[in-house]
Amino acid sequence: MKRQPRSSPRSAKPRRSVSIVGTGSYVPEKILTNAALSTMVDTTDEWITTRTGIKERRIAAKGEHTSDMATKAALAAIEQAQIDPSEIELILVATATPDMYFPATACLVQQKIGALKAACLDVSAACAGFLFAVEIAQQFITSHTYDTVLVIGAEKLSSITNWTDRNTCVLFGDGAGAAILRHRGNGAHGVISTHIGSDGQYADILFMPGGGCRTPITRENAHQNLQTIHMSGKEVYKQAITAMLRASKKALDQAGLTIDDIACVIPHQANVRIIEAIADRLKIPLEKFYVNLDRYGNTSAAAVAIALDEANRSGRIKAGDYVLMVVFGGGLTWASTVIEW
Ligand code: ACO
């Protein structure tokens, strides 16, 4: 189908094109299987597989932090993009598990890759963070502020997981994914549409109550697991489907495409049942979805970034394909992006 972008305030003027010119990802070596988890909490491989689709997840090594994983993913993306780190003008790290409150994890990545001309900041939008960062990057590029931006999603969720809570500990894993976004001449393939959104009314269905200024961790509360993920699983499940469907439709509509034009959907990797529900409601075959949550679990902001890199490097997405990425996360937050690869 010939694409006819809908007019919107943002597309009223000819847009400066933004391409993804390199991707990279990294997951830690250590594998934690469902069988191993079932020796830690009261669960089974059968329960985890049928309720989530997850078979195993990766766990960062002792001393391996979010910035280390982010750096490895970034270097792979830089290599594929064939650029020098000195060309990067902005580094965005989407994460809910920064190395420290400050400096930003993006500054730590900057130091490690030697991208010393870049401005650096972290993006806090939980699992939706990578696509929020893609949106920020493309705004800076289309506004002619920067030409080359490094976008990373990286998480060490094992550091905020309550390993005694079977409701949550079976879901999460560690890893990082990265992309280099660049203006490479008008008419080039690239980001066609982006959509981001939030609903703070649901802030309390997925959150980490402790560790911030509201409830600092003290000697008295240190054993209450306040510095771990708290989640109302059923409510998140319901909201995730609604948010991802709405976000998919928005990005497609803005791009002037229908779901039939999409060669590959890269969704947030939280639960295969959420992905199946979306496939069913969008009326597209499940085979169009790129799924790797069986191997990594939910790596939050890293999930869609790792999946994008795998889909790219494996040839699952090819030049000219329309790719829809769609995510949701704590906040609630949601985001979607359509790219012509
Ligand atoms: N092993 C065995 N039993 C379990 C486990 C487990 N690991 N976890 C929960 N159960 C039990 C529950 O205690 C419950 O038992 P009960 O009936 O005796 O009370 C029973 O299994 C059923 O629990 P449900 O909550 O009904 O299970 P459900 O089918 O809803 O699946 C799940 C739970 C997998 C968490 C699902 O709700 C889900 O995927 N929700 C979305 C989670 C998600 O996407 N989170 C994203 C986080 S994104 C971010 O921003 C970090």
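This is a conversation about a predicted model with a ligand and two sheets.

Visitor: What should I know about the model before we start?

Guide: It is a predicted model in which local features need pLDDT of at least 70 and side-chain atom pairs count only at pLDDT 80 or more, while totals for chains, interfaces and linings use all residues. Residues are numbered from 1 along each chain as its sequence is written, and side-chain values use heavy atoms, with hydrogens and water left out.

Visitor: What makes a residue part of the surroundings of the ligand, and how many are there?

Guide: A residue is near the ligand if one of its heavy atoms lies within 4 Å of it. By that rule 25 residues surround the ligand, and the closest are Thr43, Arg51, Cys127, Lys234 and Asn271.

Visitor: How do you know that Lys234 makes a polar contact with the ligand?

Guide: A polar contact is a pair of N or O atoms within 3.5 Å; within protein, one must be able to donate a hydrogen and the other to accept it, and residues adjacent in sequence count only if both atoms are side-chain atoms. A polar side-chain atom of Lys234 is 2.5 Å from a ligand oxygen, so the pair qualifies. The side chain of Arg273 qualifies too, with an N or O atom 3.4 Å from an oxygen atom of the ligand. At Arg166 a polar backbone atom lies 3.0 Å from a nitrogen atom of the ligand. Taken alone, the ligand exposes 1,000 Å², and the protein buries 76% of that (areas by the Shrake-Rupley method with a 1.4 Å probe; for residues, only the protein chains shown count as cover).

Visitor: Which helix gives the most to the shell around the ligand?

Guide: That is H7, with 4 residues. Helices here are DSSP runs of H or I with at least four residues, and strands are E runs of at least two, numbered from the N terminus. Helix H7 spans 233-255, and among the other elements that supply at least two shell residues each are helix H2 (45-52) and strand S12 (322-329).

Visitor: Which domains does the shell draw on?

Guide: At least three residues come from each of domain 1 (19-182) and domain 2 (190-340), with bounds from an automatic or database domain assignment.

Visitor: Why are S8 and S11 called edge strands?

Guide: Two strands pair if DSSP finds at least two bridges between them. The open sheet of 4 strands runs S8-S13-S12-S11, with mixed pairing. Strand S8 (191-198) and strand S11 (262-267) each have a single partner strand, so one side of each is left without a neighbour in the sheet.

Visitor: How do you know that S11 and S12 pair?

Guide: 5 bridges join S11 to S12, and the requirement is at least two, so they pair; the two strands run parallel. Ile262 stands opposite Tyr322 in S12.

Visitor: What makes S1 and S5 edge strands in the other sheet?

Guide: That open sheet has 5 strands in the order S1-S7-S6-S4-S5, again with mixed pairing. Strand S1 (19-26) and strand S5 (119-123) have a single partner strand each, so one side of each lacks a neighbour in the sheet. Strand S4 (residues 90-94) is joined to S5 by 5 bridges, in parallel, and Ile91 stands opposite Cys120 in S5.

Visitor: Where are the cis peptide bonds?

Guide: One joins Phe102 and Pro103, with omega about 5°, and Pro103 is in the loop between S4 and helix H4 (105-113). Another joins Gly331 and Leu332, with omega about -15°.
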